[in-house]
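Open the model in your viewer and keep the sequence panel beside it. The tour goes stop by stop: select, look, move on.

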Amino acid sequence: MGGFKDYDYFSRNKKMWDKIMEERQMYSIEKIIICDDCKGRGIIERERLTDYHNGLYDYWDEKCEKCKGSGRLLEIVEVTTTPFKIPKKRKKG
Ligand SMILES: [Zn+2]
């Protein structure tokens, strides 16, 4: 009974969807940024109190885990654009 109707409905929606996807433009912007964890140094300074009474510390550097020691990160921004449809003016009643 409703078989043909359903088929039309879905094929119409598919066409609409295909058109929407066809109009979309996708691209990505890549940018090298300074690592915010290590401030671009690639290392994190660590310290540990070894002698409480004399206030002595041990200092050492650790490789920054976020940027793996490069001090930089690759920032990737995925962008999608689609045509803006200007809304139709409503007729004054
Ligand atoms: Zn880092």
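Is Lys 39 buried or exposed? Select Lys 39 and count its surroundings: it has 12 C-beta neighbours inside 10 Å, so it counts as exposed. The cut-off behind that step is 12 or fewer for exposed. Bear in mind throughout that this is a predicted model.

**Stop 1: Lys 39 and its loop**

Stay on Lys 39. It sits in the loop between strand 1 and strand 2 (43–51). Check the backbone torsions there. Lys 39 has a positive phi of about 60 degrees, yet it is not a glycine. Most residues other than glycine have a negative phi.

**Stop 2: Lys 68**

Now jump to Lys 68. Find it in the loop between strand 3 (56–63) and strand 4. Its phi is positive as well, about 55 degrees, and Lys 68 is not a glycine either. What is its exposure class? Lys 68 counts as exposed, because 12 C-beta neighbours lie inside 10 Å.

**Stop 3: the whole chain**

Zoom out and colour by secondary structure. How many helices and strands are there in the protein chain? There are one helix and four strands. From the N terminus on, they run α-β-β-β-β. The radius of gyration is 29 Å, well over the 12 Å that the globule rule gives for 93 residues, so the chain is more spread out than a compact globule. Turn the C-alpha trace along its principal axes: it spans about 90 × 40 × 30 Å. Next, colour by burial. Of the 93 residues, 2% count as buried. Then show contacts. Of those between residues at least 6 apart in sequence, 62% join residues at least 24 apart.

**Stop 4: strands 1 and 4**

Select residues 25–34, which make up strand 1. Add residues 72–81, which are strand 4. How do these two strands run? They are antiparallel, and ten bridges join them. Walk along the pairing. Ser 28 has Glu 78 of strand 4 as its bridge partner. Further on, Ile 33 is bridged to Leu 73, again in strand 4.

Now look at the cover over this pair. Strand 1 is hardly covered: among its ten residues, the count of buried ones is zero. Strand 4 also has zero buried among its ten residues, so it lies largely in the open. While you are here, follow the side chains along either strand. In a regular strand they alternate between the two faces of the sheet.

**Stop 5: Ile 76**

Keep strand 4 on screen and pick Ile 76, which lies in it. Is Ile 76 buried or exposed? Ile 76 is exposed, because 9 other C-beta atoms lie within 10 Å. Which residues does Ile 76 touch, leaving aside those up to four places away in sequence? Ser 28 and Glu 30.

Draw a distance from Ile 76 to Lys 88. The two are twelve residues apart in sequence, and C-alpha to C-alpha they are 36 Å apart in space.

**Stop 6: beyond strand 4**

Finish with Lys 89, in the segment after strand 4. Lys 89 counts as exposed, because it has 6 C-beta neighbours inside 10 Å. Draw one last distance, from Lys 89 to Gln 25. C-alpha to C-alpha, the pair is 27 Å apart in space, with their positions 64 residues apart in sequence.

Conventions:
Residues are numbered from 1 along each chain as its sequence is written. This is a predicted model: local features need pLDDT of at least 70, side-chain atom pairs count only at pLDDT 80 or more; totals for chains, interfaces and linings use all residues. A residue is buried if 20 or more other C-beta atoms lie within 10 Å of its own, exposed if 12 or fewer, and partly exposed in between; C-beta atoms are placed from the backbone. Two strands pair if DSSP finds at least two bridges between them. Two residues are in contact if their C-beta atoms, placed from the backbone, lie within 7 Å. The radius of gyration is taken over C-alpha atoms; the globule rule is 2.2 Å times the number of residues to the power 0.38.
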